[in-house]
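Dear colleague,

I am handing over the structure below, and I would ask you to look through it before reading the notes that follow. They deal with the internal cavities and then with the cysteines.

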Protein chains: 2
Amino acid sequence: MSENLLIVHGGGPTAVLNASLYGAIQCALEHGGIGHIYGANNGTGGVLREDFIKLETYSREQLALLLKTPGSAIGTSRDAIWAEDYEKMADICKKHHIRYVLFNGGNGTMDTCGKMHKVCRERGLDIAVMGIPKTTDNDIAVTDHSPGFGSAARYMAASVQELCADVRALPIHVVVMEASGRNAGWITAASALAADAGYGPDLIYLPERPFDEDRFIDDVRRLLEKKSGIVVVASEGLTGPDKKPVVKPVFKTERATYFGDVSAHLANLVIERLGYKARGEKPGLLGRASIAWQSDVDREEARLAGYKACEAALAGMSGKMAAFRRSGRTPYASEIFFTDIDQVMMHERKMPDAFINAGGNGVTEEFMDWCRPLIGGPLPQMLSLNRPHGVIL
Amino acid sequence: MSENLLIVHGGGPTAVLNASLYGAIQCALEHGGIGHIYGANNGTGGVLREDFIKLETYSREQLALLLKTPGSAIGTSRDAIWAEDYEKMADICKKHHIRYVLFNGGNGTMDTCGKMHKVCRERGLDIAVMGIPKTTDNDIAVTDHSPGFGSAARYMAASVQELCADVRALPIHVVVMEASGRNAGWITAASALAADAGYGPDLIYLPERPFDEDRFIDDVRRLLEKKSGIVVVASEGLTGPDKKPVVKPVFKTERATYFGDVSAHLANLVIERLGYKARGEKPGLLGRASIAWQSDVDREEARLAGYKACEAALAGMSGKMAAFRRSGRTPYASEIFFTDIDQVMMHERKMPDAFINAGGNGVTEEFMDWCRPLIGGPLPQMLSLNRPHGVIL
């Protein structure tokens with residue numbers, strides 16, 4: 001009886017989630033002796049429904065497209081998992097001769113991964129359960145960074161560069177760009193790298209610092225005395241000094257609360273309090289699905305994380321997540337190590353103080369140096385003519 | 001006394017406005033005998049302030065970056081121009097020995113261009129005034145298409161492709177993508193080309209057809225019976241059967257009315273009337289500033305339009321705009337001809353009936369064939385596994 005492998009995706013997709021899937025499949029095919037390489041159709045729900053996609057039936061050429069396909073080729077889910085579901089999933093693995101299970105996802109999925117590992121251990125089942133980190137928000141603990149972040153960071157830096165080139169052409173005064181990452185400001189901060197290519201943002205507001213409206217208005221007013229095209233980047237999760245979100249909830253469901261746009265809110269503040277023209281921009285889902293701005297470093301690390309987690313599972317390791325540490329600074333190099341799932345479970349990683357400037361409206365050089373290699377090659381060079389900034393109408 | 005050239009930009013930037021600027025400078029440098037190649041700093045306002053950038057002082061290497069720089073390197077404006085301003089501009093041209101003037105912009109700028117030509121003629125001034133078409137919305141008359149549209153179309157098609165790959169991974173039910181083009185649906189329609197790469201939108205609503213909420217809800221309901229991840233593309237300028245915008249104005253200024261987001265409005269309709277999860281997406285300014293999705297066909301045509309308009313001005317032509325007609329279908333080829341500014345002034349070009357499907361919720365093959373060559377090379381190939389669509393939670 002051949003032994004089977006199961007890959008399960010959880011949470012929102014990234015630009016390189018499928019690259020990790022590719023790495024895992026690649027490892028399983030090279031290893032040989034694996035019967036089926038199952039993809040759970042739409043996450044843990046797919047496991048519970050015994051809805052499996054046989055990934056070994058696709059050609060090498062088809063599978064190679066995974067490296068450049070955003071989303072999740074096998075689907076994903078945000079299903080809530082109950083205690084009895086773990087027992088069920090263990091039964092299903094036994095029934096389908098699944099000996100290796102790889103969970104690819106963020107903090108919530110790593111929690112699922114750790115619990116599944118424990119249930120299998122407690123029941124004496126010989127099933128190896130391993131985690132592959134995935135998040136655009138870079139909020140997974142222990143690892144230096146996670147696959148998905150580098151591409152989201154490159155998208156944000158490149159988009160802000162393009163936006164700055166556009167905004168500085170016209171006397172539109174203030175544009176506020178909203179970045180994802182409700183509790184951690186990593187993507188918001190990455191926008192600073194646009195300055196490397198000559199068109200950086202003017203102000204950056206991170207969720208790690210309380211947002212003070214008066215201070216924001218002062219920051220903008222001071223800049224408007226010197227130039228007319230201002231680009232502000234703000235996290236979707238800004239909270240005020242009272243720790244409450246700066247924008248009100250729009251509607252609530254059982255499982256989540258939906259907030260209005262921070263970008264529109266800050267733009268309206270500028271209009272109301274300064275009387276200047278302002279608009280909000282929010283790339284939304286495009287920021288995690290961009291193939292044009294996929295980071296080649298991120299893609300390769302994602303592939304490797306999938307490969308190494310699979311390799312470790314096949315060697316019998318269980319209850320651990322593949323993580324990254326830096327093994328070289330110039331040139332950048334990274335290596336994978338394995339960390340206990342317990343250590344990463346449900347712990348959210350935020351920006352350290354050393355990465356945030358004293359004024360709380362920008363980042364430090366230390367952050368730029370840390371982030372730069374992760375976004376892959378340099379941003380495109382653009383021409384910035386030495387001319388007075390657009391006239392204020 | 002050497003003769004000088006003046007280039008003036010008007011209206012919103014595109015991804016290839018600077019490519020036209022490059023073409024004009026290239027022609028002037030090759031022609032020789034031109035003293036200064038002036039760029040008006042921030043549009044007609046820059047002319048009136050006699051605020052000129054000497055473009056001949058930049059190196060060839062710097063100028064070549066214009067081909068890949070979004071925005072407007074010499075700035076642009078939306079300044080209103082009064083009758084006496086044309087007299088002033090003519091005086092300023094005389095004073096600065098400007099013998100050739102190129103206006104690069106959309107319908108409003110072509111109006112300015114035509115009036116400037118007339119004033120110069122009436123006063124017997126030997127000044128050649130020529131127009132270069134520029135618009136992302138593709139709403140300029142006479143020409144088959146305008147520089148700026150191909151890149152905006154490529155951005156929209158590629159973004160919808162990425163969005164579809166993302167949306168179909170998760171049981172998020174309906175995503176509404178908002179496209180620019182308030183009165184003309186060209187960019188909205190271009191999203192259909194995403195289907196060439198396997199991930200096309202499900203429904204497309206153009207401003208050329210009255211938007212019926214009940215019909216929209218029926219369209220979505222029918223699709224939700226078959227699949228769970230639906231992508232709708234809607235124009236920012238949809239109007240109802242009463243010809244009023246489907247979203248209310250948010251605020252008004254002297255010169256413009258600002259409307260709420262159509263994408264958010266349609267998403268809310270789905271939530272309220274069907275009880276399904278929905279969200280709106282709006283790429284906003286990024287759609288006209290994207291270098292990653294700049295169309296190589298568009299860039300080259302933009303460069304050529306700038307070059308040819310300059311060449312014609314130097315040969316003494318005046319009061320005309322460079323326009324495109326197709327000279328080959330397979331393979332695509334285009335050629336430039338010159339049309340009287342009078343014929344294009346203030347006339348808005350909309351999608352013809354033959355490009356819109358019978359149901360008013362999509363486009364025809366004829367449109368796809370017309371649009372495909374303009375977006376440049378094919379969209380990236382992606383993997384779409386044959387699996388049941390995401391489960392509805």
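**Cavities and cysteines**

Please keep in mind that this is a predicted model. In the lining of the largest cavity, the residues divide into six that are nonpolar, four that are polar and two that are charged. That lining is made up of Y155(A), S159(A), E162(A), L286(A), S290(A), A292(A) and W293(A), together with Y155(B), S159(B), E162(B), S290(B) and W293(B) from chain B. Two elements give two or more residues to it, namely α6 (149-167) of chain A and α6 (149-167) of chain B. The volume of this largest cavity is about 80 Å³, and the count of cavities of 30 Å³ or more comes to five.

As for the cysteines, a search of the whole structure finds zero disulfides over all chains. For C120(A), which is in no disulfide, the nearest cysteine sulfur is that of C93(A), 6.2 Å away, whereas a disulfide is counted for sulfur atoms within 2.5 Å. C120(A) is also buried, its relative accessible area being 0%.

In chain B, why is the sulfur of C371(B) without a bond to the one in C164(B)? The sulfur in C164(B) is the closest cysteine sulfur to that of C371(B), but the two are 16 Å from each other, and this is too far for a bond. C371(B) likewise counts as buried, with a relative accessibility of 0%.

With kind regards

How values were computed
Residues numbered from 1 in each chain as written. Chains lettered and ligands numbered in written order. Predicted model: local features only at pLDDT ≥ 70, side-chain atom pairs only at ≥ 80, totals over all residues. Heavy atoms only, no water. 1 Å grid on protein atoms, 1.4 Å probe; cavity = no way out; pocket = protein on both sides within 12 Å on 5 of 7 lines; lining within 4 Å. Points joined across faces, edges and corners; volume = space filled by probe spheres on them. Helix = DSSP H or I, 4+ residues; strand = E, 2+ residues; numbered from the N terminus. Nonpolar A, V, L, I, M, F, W, Y, C, P; charged D, E, K, R; others polar. Buried < 20%, exposed > 50% of the residue type's maximum accessible area, 1.4 Å probe, protein only.
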